[in-house]
Amino acid sequence: MTSVRICQAVLVAVALAACNKQGVGDTTSLPAETRLQAAQGPSGLAVPALFASIPADTPYLLASLEPAPPGVWPKLEQLFKPLLEGALARSEAKHGKNKGMDAILSELAGKWNEAGLESLGFSAQPRFAVYGLGLQPAVVRMAIKDGKTVRATIERLAAKAGDPLRPAITRGGRSYWLETGSDGTSVVLSIGDRELVAAVGKPRDVEAKLDLILGLQKPARSMADGALVKQLMASHGFGGQLIGFADTRQLAARAIEAAGATPGPACTGEIDRLSAKLPRLVVGYSELSASRIAGSFVVEMAPDLVAAMRALKTEVPGLGAAMSGHPIMAFAAGLDLVGAQQLGNAAVASLRQLGAACGLGSLVNGTVQVARRLSQPLPELATQISGGAVVIDDIEVRAGDHSATPERIDGVLLLASPDARALFDKAVAMEPLVKSLGIEVDGKLHDLHMPVPIFRVPAVGVSDRVIVVTAGDRQRGAGDRLIAAPAGDTAPLLAASYDFRKLMDFTERTGGLDRDGTEPEVRAVLASMKDLFGNFSGTLDVTDRGLVMWSSIELK
């Protein structure tokens, strides 16, 4: 279908633009590379003209207001070219020759840079927006450099794909293509002098909102002043290269209407109550450079819910020291499981109340089943653990051994508890083998003599607040500090980090890709990613703004 192939090209362009983008938030006790990072809000930010076409009450938006630094383009080629080539190879293996993807790759050949993209008519510093006219149609508006050149590019793509463009339709002086697929979805594409517009939705809704899609009609109230996006950027510390949000009230109300129901007063009241607790989902980037990309996903919460979530956080003494350095991989968490279960039950009850008020039987039935599972008692041992960390600094395997059985593991296991000695006693009672190891509960780390060759120089220690297990010479020294660490390290709900190159090296040494039958094109993508990506870190935590999932990855 012509429109499908056209949209493939548009999506590639938008993806390239979106990936040119930037973690926010409060700091924790974790090392800098593993914690939430603060970012700068908008400063003298200009709102693109295309925002005048976005309704102020759109339920969702993803937009770019500022360009990416030039150094990012080579990184995009390094990442996207193997991905596209791999997708093409997989598609051809299953469905035969894909002329559309072939055409896209041939057009992009040698043009993965600013000059190359502009030679196709697109902007090397694109501003774009993806938003909804209601839940749908979903609309993409993107600023371009030269509409005539973009049209010529798309015409070449269609011709190479063996499906030349049909004559455009003209409406109010604006030409466009409209096609309805076999799935009953309509696709619209229009290319102006400086703007490209694409939309997808149900045929009836696309036709009813066509003037808004084409820009022949402006919404009664628009986002032209950029007030909301500037507010969100300032509140969450996002840069202008990417900002997105979903309005929970709008989404819930329109989803119920789309289901054929008319929300009554009780239903509207429940939607208002819940959306006040969780107003928006927000996403943005705090850094985009040739060396690092960092960004956050935020679930905005009312102050009372933030307080309830913060009450779930726990102390994990020594966590910052355990997570420092650059291990192959590390995971950490701190959570009051009993409190989390209670809060989860309250959330499920609220959703059940919403379902009952809005006549959503499936929601009511689903929440009943979830509530039944959540009401089950937690394992006694789990209720005594308040958090911990697992850090793997090194893994050695025998060359040519594809069993993936390590010869040696160096790392640290850290378990925190309000009463670590009682936790250890419980573990001993449950597993007598632990008692036979002769571990002394005296607040010191002791070498452990046990015939497990993969753990070199294993040691165990138990203090008032933590249980520490180490393996490896360097980790043995770190363990002495961990067992003596004072209270005060408040843990994030969840944190993780890994070194992409080290993980790939380990996978290659064990022959993991061979053993799993990984396809050659996937190997090529992974090899490219190995050369591109360095250390990844991510954190899930509670800030004044709500629940924040932050991540960062180094670019080589």
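Select serine 350 to begin: leaving out residues up to four places away in sequence, serine 350 touches Glu270, Arg273 and Leu274, where contact means heavy atoms within 4.5 Å. The model on screen is predicted, so local features need pLDDT of at least 70 and side-chain atom pairs count only at pLDDT 80 or more, whereas totals for chains, interfaces and linings use all residues. Residues are numbered from 1 along each chain as its sequence is written, and side-chain values use heavy atoms, with hydrogens and water left out.

Serine 350 sits in helix H13, residues 337–358; helices (H or I, at least four residues) and strands (E, at least two) are DSSP runs numbered from the N terminus. With a relative accessible area of 18%, serine 350 is buried, a term that stands for under 20% relative accessible area, while exposed stands for over 50% and partly exposed for what lies in between, with a 1.4 Å probe and protein chains only.

**From H13 to H14**

Keep H13 selected and add leucine 374, which is placed in helix H14, residues 361–374. Leucine 374 is partly exposed, at a relative accessible area of 28%. Apart from neighbours within four places in sequence, leucine 374 is in contact with Gln341, Gly344, Asn345 and Val348. A C-alpha to C-alpha distance drawn from leucine 374 to glutamine 342 should read 8.5 Å, for two residues that are 32 apart in sequence.

Now show both helices whole. Two packed helices are described by the angle between their axes and the distance between the axes. The axes of H13 and H14 cross at roughly 165° and come within 8 Å; axes here are lines fitted to C-alpha atoms, for helices over the stretch in contact, and angles run from 0 to 180 degrees between N-to-C directions. H13 is therefore roughly antiparallel to H14, given that angles over 145 degrees count as roughly antiparallel, under 35 as roughly parallel, 65 to 115 as roughly perpendicular and the rest as oblique. The crossing of H13 and H14 is left-handed, that is, the near helix is turned anticlockwise from the far one by less than a right angle, clockwise being right-handed.

To display this contact, select Gln341, Gly344, Asn345, Val348, Leu351, Arg352, Leu354, Gly355 and Ala356 in H13, which meet Leu363, Val364, Thr367, Val368, Val370, Ala371 and Leu374 in H14. By class, the contact of H13 with H14 has 10 nonpolar, 5 polar and 1 charged residues; Ala, Val, Leu, Ile, Met, Phe, Trp, Tyr, Cys and Pro count as nonpolar, Asp, Glu, Lys and Arg as charged, and the others, Gly among them, as polar.

**H9 and H10**

Move next to helix H9 (residues 248–258) and helix H10 (residues 265–277), which pack at an angle of about 150° with their axes 9 Å apart. H9 and H10 are therefore roughly antiparallel to each other, and their crossing is right-handed. On the H9 side, select Thr248, Arg249, Ala252, Ala253 and Ile256, which meet Cys267, Thr268, Ile271, Asp272 and Ser275 in H10. The residues of this contact divide into 5 nonpolar, 3 polar and 2 charged.

**Salt bridges**

Turn now to the charged side chains. A salt bridge is a side-chain nitrogen of Lys or Arg within 4 Å of a carboxyl oxygen of Asp or Glu, and by this rule the count comes to 23.

Select glutamate 195 and arginine 141, whose side chains meet in a salt bridge at 3.3 Å, N to O. Because glutamate 195 lies in strand E7 (residues 195–201) and arginine 141 in strand E3 (residues 138–143), the pair ties together parts that are 54 residues apart in sequence. Glutamate 195 counts as buried at 18% relative accessibility, and arginine 141 is buried at 0%.

Aspartate 544 and arginine 310 form another salt bridge, at 2.9 Å, N to O. This pair links distant parts of the chain, 234 residues apart: aspartate 544 is in the loop between strand E18 (533–543) and strand E19 (546–555), and arginine 310 is in helix H11 (residues 303–310). Aspartate 544 is exposed, with a relative accessible area of 57%, while arginine 310 is partly exposed at 32%.

Two further selections complete this stop. Arginine 292 and glutamate 287 meet in a salt bridge at 2.4 Å, N to O, and Glu107, Arg156 and Lys160 are linked in a network of salt bridges.

**Last stop**

Finish at serine 463, found in the loop between strand E15 (459–462) and strand E16 (466–471). Serine 463 is buried, with a relative accessible area of 9%, and, leaving aside neighbours within four places in sequence, is in contact with Ala420, Arg421, Gly443 and Ile483.
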